[in-house]
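Colleague: Please take a close look at a single part of this model for me. I would like the aromatic rings, and how they sit in the whole.

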Amino acid sequence: QVQLVESGGGLVQAGGSLRLSCAASGRTFTFTFYAMGWFRQAPGKGREFVAAINWNGGSLSYADSVKGRFTISRDNTKNTVYLQMDSLKPEDTAVYLCAADRNRPRIVGGEADYWGQGTQVTVSS
């Protein structure tokens, strides 16, 4: 019913930048009803909250580990959420997952109704 498809991952050197995209679609899915977020999961580790944005972009949340380096945004005309990642570090290496939920605080707390498959980000030193 709801599909979240991430793109933009890849291999980048430390200090470099990447922009991830997540395109949302579904027969009964109304993009503006949903807050969106990004999570990441490194090998052998659990899912970690990265960033979240409310329906109109007026409320943002970031994990301390990425604050000042990553920026979340959304384009409601394209049903797409973005994660701009600057000053990347090797410890940012992970599979990055897109998520959607009706309430931004739930995403900040690690929960979401819908999840994408993820896109790999690898940062070399």
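**Surface, fold and an aromatic cluster**

Modeller: The protein exposes about 6,400 Å², and carbon and sulfur atoms supply 45% of that area. Bear in mind that this is a predicted model. Buried residues account for 42% of the 125 residues.

Now the frame around the rings. The protein has 1 helix and 11 strands. Read from the N terminus, the order is β-β-β-β-β-β-β-β-β-α-β-β. The C-alpha trace spans about 45 × 30 × 25 Å along its principal axes. A compact globule with 125 residues would have a radius of gyration near 14 Å, and the protein has 13 Å, so the two agree. Take the contacts between residues at least 6 apart in sequence: 57% of them join residues at least 24 apart.

To the rings themselves. The structure holds 6 aromatic pairs. One of them is formed by Phe29 and Tyr114. Their ring centres are 6.4 Å apart, and the planes meet at 90 degrees. The cut-off for edge-to-face is over 60 degrees, so this pair falls in that class. The centre distance also passes, because rings pair if their centres lie within 6.5 Å.

The pair links distant parts of the chain. Phe29 sits in the loop between β3 (18-26) and β4 (35-41). Tyr114 belongs to strand β10 (residues 114-115). The two residues are 85 residues apart.

Their exposure falls in two classes. Phe29 has a relative accessible area of 9%; buried means under 20%, so Phe29 is buried. Tyr114 has 23% relative accessibility and therefore counts as partly exposed.

The pair is also part of a wider group. Ring pairs join Phe29, Phe31, Tyr34 and Tyr114 into a cluster.

Two loop residues deserve a look for their backbone. Asn79 has a phi near 50 degrees, a positive value in a residue other than glycine. Asn79 lies in the loop between β7 (70-75) and β8 (80-85). Its relative accessibility is 25%, so Asn79 counts as partly exposed. Ser87 also has a positive phi, near 50 degrees, and is likewise a residue other than glycine. Ser87 is found in the loop between β8 and β9 (94-101). At 41% relative accessibility, Ser87 counts as partly exposed.

Last, the charges. The protein carries 13 positive and 10 negative charges. The mean positions of the two sets are 3 Å apart.

How values were computed:
Residues are numbered from 1 along each chain as its sequence is written. This is a predicted model: local features need pLDDT of at least 70, side-chain atom pairs count only at pLDDT 80 or more; totals for chains, interfaces and linings use all residues. Side-chain values use heavy atoms; hydrogens and water are left out. Helices (H or I, at least four residues) and strands (E, at least two) are DSSP runs, numbered from the N terminus. The radius of gyration is taken over C-alpha atoms; the globule rule is 2.2 Å times the number of residues to the power 0.38. Buried means under 20% relative accessible area, exposed over 50%, partly exposed in between (1.4 Å probe, protein chains only). Contact means heavy atoms within 4.5 Å. Accessible areas come from the Shrake-Rupley method with a 1.4 Å probe; for residues, only the protein chains shown count as cover. Lys and Arg count as positive and Asp and Glu as negative; His and the chain ends are not counted. The place of a charge is taken as NZ of Lys, CZ of Arg, CG of Asp or CD of Glu. Rings of Phe, Tyr and Trp (its six-membered ring) pair if their centres lie within 6.5 Å; planes under 30 degrees apart count as stacked, over 60 as edge-to-face and the rest as tilted.
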